[in-house]
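The following note is offered to a colleague who is beginning to read protein structures. Please keep the sequence and the model in view while working through the numbered points.

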Amino acid sequence: MTKQALWTGVYPAATTQFAEDLSLDLAATQAVQTALVDDGVDGLILLGTCGENNSLEPDEKLAVLTGAVEAVGGRVPLVAGVSELTTPRAIRFAKDAEAAGVDALMLLPCMVYVPQLAELQAHFRGVAEATSLPIMLYNNPPAYRVNVDFDTLDALKDVPNIVAVKESAPDPRRFTDVHNRFGDRYTVMAGLDDIALEGLMLGASGWVSGLTSAFPRESVALVKAAAEGRWEDARAIYRWFMPLLHLDAEHDLVQSIKLAEQIMGRGSERVRMPRMPLTGARRAEVTRWVEEAAAARPTQALAKAA
């Protein structure tokens, strides 16, 4: 494992790149990963929502993981998303991801089925017991229709490798409530782009980010300014970034983020169905926001972070 500490700094949810025929483009995917690391991010989330986890076949998922280990392994922590339909499939994938050489897992509830809390807890526990890797639970009630509530976190305190929570509930009070309830038992990362600074101010250890894929230097500068207590600089970057950060809370976030990557020369907007590239007024709107952001980068704050 990399010597760099887990769960601190900026972790972009890296995209998976596709060729014109929508086959997996592993070389392009590795190029995206390498460019993000070269621009200073502190870790990578592989096969998260923006990595289109559920649009990939099992062999493609493993190809993305082994390709990332080959391209940037040892430079930053690599965290694999575990997003499967059933607990046995999630267990198999967690074992395969560990064998592929990633450093940690980001564990989601089972897809489609909305579990009772006892089922959710059993799912998390079952996957954790099948691997030695450290695990970050992913709490995103709007997307997955289940809340990783305090009773669940209480019930899992005895599972030693469940160590962190990606907090994507659209309520910044959760950061304080988790800290007050659990102290340092769980590391908490901000997981929703448009409350990222609020999370960092309230004690989040870092930021799992979507829009970092298009603007990595600005994201790194934002987190660095917050860590150093330069709140005026942090606010300046955040206010500049906010029109784009709101995209992370929309259902078409993957298409929007990949379009932003393409405009910034960092990847392709190609996505797999059921997603389709943005068109019409929505495409024009996102394009305008990205181009306006690119033209008005907060250079003074970036210079201080360099």
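In which helix is Lys 61 found? The points below begin with this residue; the model they discuss is a predicted one.

1. Lys 61 belongs to helix H2, which covers residues 58-72. Its relative accessible area is 5%, and because buried means under 20%, Lys 61 is classed as buried. The side chain of Lys 61 is joined to that of Asn 53 by a polar contact of 2.7 Å. When neighbours within four places in sequence are left aside, the residues in contact with Lys 61 are Leu 47, Asn 53, Leu 56, Ser 83, Glu 84 and Phe 93. As for Arg 217, 156 residues away along the chain, its C-alpha atom and that of Lys 61 are separated by 27 Å.

2. A second residue to examine is Thr 15, in the loop between strand S1 (9-12) and helix H1 (26-38). Its relative accessibility is 1%, and Thr 15 therefore counts as buried. The side chain of Thr 15 makes a polar contact of 2.9 Å with the side chain of Gln 17. Another polar contact, also given as 2.9 Å, links the side chains of Thr 15 and Glu 261. Not counting residues up to four places away in sequence, Thr 15 touches several residues, including Thr 29, Val 32, Cys 50, Ser 213 and Lys 258.

3. Glu 261, the partner of Thr 15 in one of these contacts, is among the buried residues of H11. Helix H11 spans residues 253-263, and nine of its eleven residues are buried, so the helix is largely enclosed by the rest of the structure. Among the buried residues are Leu 253, Val 254, Ile 257 and Leu 259, together with Lys 258. The buried residues of H11 pack against H1 and against helix H12 (280-295).

4. The backbone after H11 deserves attention. Gly 265 follows the helix and has a positive phi, near 75°. In the loop between H11 and H12 lies Pro 274. The peptide bond that joins Met 273 and Pro 274 is cis, with omega at about 20°.

5. Two residues that are not glycine also have a positive phi: Leu 22, at about 70°, and Val 112, at about 75°. Leu 22 is located in the loop between S1 and H1. Its relative accessibility of 29% is why Leu 22 counts as partly exposed. Val 112 is located in the loop between strand S4 (104-107) and helix H4 (117-129). With 67% relative accessibility, Val 112 counts as exposed.

6. Which residues touch the most other members of the largest nonpolar core? In this core of 98 residues, they are Leu 44, Leu 65, Leu 105, Leu 137 and Ile 162. Helix H10 (residues 231-245) gives the most to the core, with eight residues. Leaving aside neighbours within four places in sequence, Ile 162 is in contact with Phe 124, Ala 128, Ile 135, Leu 137, Leu 156, Arg 185 and Tyr 186.

7. The aromatic pairs number seven. One of them is formed by Phe 215 and Phe 241, which are edge-to-face, 6.0 Å centre to centre with 85° between the planes. Phe 215 is in the loop between strand S8 (206-209) and helix H9 (216-227), whereas Phe 241 is in helix H10, so the pair ties together parts that are 26 residues apart in sequence. Both Phe 215 and Phe 241 are buried. Trp 240 and Phe 241 have ring centres 4.8 Å apart and planes at 35°, so this pair is tilted. Trp 207, Phe 215, Trp 240 and Phe 241 form one aromatic cluster.

8. Charged side chains also meet aromatic rings. Lys 166 lies over the face of Tyr 138, at 3.8 Å from the ring centre. Arg 185 has its charged end over the ring of Tyr 186, 4.5 Å from the centre of that ring. Arg 185 and Tyr 186 also appear among the contacts of Ile 162.

9. A final point concerns cysteine. The count of disulfides comes to zero. Cys 50 counts as buried at 3% relative accessibility, and Cys 110 is buried with a relative accessible area of 16%. Cys 50 is also one of the residues that Thr 15 touches.

Key:
Residues numbered from 1 in each chain as written. Predicted model: local features only at pLDDT ≥ 70, side-chain atom pairs only at ≥ 80, totals over all residues. Heavy atoms only, no water. Helix = DSSP H or I, 4+ residues; strand = E, 2+ residues; numbered from the N terminus. Buried < 20%, exposed > 50% of the residue type's maximum accessible area, 1.4 Å probe, protein only. Polar contact = N/O pair within 3.5 Å; in protein donor to acceptor, adjacent residues only side chain to side chain. Contact = heavy atoms within 4.5 Å. Core = buried A, V, L, I, M, F, W, Y, C linked by side-chain atoms within 4.5 Å. Disulfide = S-S within 2.5 Å. Phe/Tyr/Trp six-rings, centres within 6.5 Å; stacked < 30°, edge-to-face > 60°. Lys NZ or Arg CZ within 6 Å of the ring centre and 35° of its normal.
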